[in-house]
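Student: I've just opened this one and don't know my way around yet. Could you walk me through it?

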Amino acid sequence: MVKYKRNPTVLFVQQDGEIALYHPGTNKYFGLEELGGFVWDFIEIPRTFTDIFDEVEKSYEVVNAVLEQDLNNFMLDLVKENVVELED
């Protein structure tokens, strides 16, 4: 099963409930607000989409269908930007 994990080359700092990411390979900065930061913290070790979904669902009041779509789009964006990597 495919797992999401942080790209180890991406630098990050947490401040005031938000996380700033810097990818030195692309020279891009990214900002993650509360929920994005929660996911970033959670994938410190590789996690499946189901693992991430279940943890977010437990911790936040969200509608399942909306969460699934938004979380999927968020994770795809992170992978596209090479901030998060996929692991088999």
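Here is a short run of questions and answers about this predicted model.

Student: Let's start with helix α2. Which residues are buried there?

Tutor: Helix α2 covers residues 49-59. A residue counts as buried if its relative accessible area is under 20%. In α2, that label goes to F49, I52, F53 and V56.

Student: How wide an arc do they cover around the axis?

Tutor: Picture looking at where F49, I52, F53 and V56 sit around α2. They end up on the same side of the helix, because the arc they cover is only 100°.

Student: And what do the buried residues of α2 pack against?

Tutor: One partner is a strand, β1, made of residues 3-6. The others are helices, with α3 running over 64-80. So the full list, going by contacts within 4.5 Å, is as follows. The buried residues of α2 pack against β1, α1 and α3.

Student: Is F38 buried, partly exposed or exposed?

Tutor: F38 is found in helix α1, residues 34-42. The buried class stops under 20%, and exposed means over 50%. F38 has 22% relative accessibility, so it counts as partly exposed.

Student: Which residues is F38 in contact with, leaving aside its neighbours within four places in sequence?

Tutor: One of them is E55, which lies in helix α2. E55 is itself partly exposed, with a relative accessible area of 22%. The contacts of F38 are E55, V56, S59 and Y60.

Student: E55 has a charge, right? Which residue does E55 form a salt bridge with?

Tutor: The partner lies in helix α2 too, three residues apart, about one turn of the helix. It is exposed, at 67% relative accessible area. The closest N and O atoms are 3.4 Å apart, and the partner is K58.

Student: Now for the strands. How many residues apart in sequence are K5 and E87?

Tutor: The side chains of K5 and E87 meet in a salt bridge, 3.5 Å from N to O. K5 lies in strand β1 and E87 in strand β5, so the pair ties together parts of the chain that are separated in sequence by 82 residues.

Student: Which residues are linked with K5 in a network of salt bridges?

Tutor: E87 is one of them, through the bridge at 3.5 Å. K5 also forms a salt bridge with E85, with the closest N and O atoms 3.9 Å apart. The residues linked with K5 in the network are E85 and E87.

Notes. Residues are numbered from 1 along each chain as its sequence is written. This is a predicted model: local features need pLDDT of at least 70, side-chain atom pairs count only at pLDDT 80 or more; totals for chains, interfaces and linings use all residues. Side-chain values use heavy atoms; hydrogens and water are left out. Helices (H or I, at least four residues) and strands (E, at least two) are DSSP runs, numbered from the N terminus. Buried means under 20% relative accessible area, exposed over 50%, partly exposed in between (1.4 Å probe, protein chains only). The arc is that of the directions from the helix axis to the C-beta atoms. A salt bridge is a side-chain nitrogen of Lys or Arg within 4 Å of a carboxyl oxygen of Asp or Glu.
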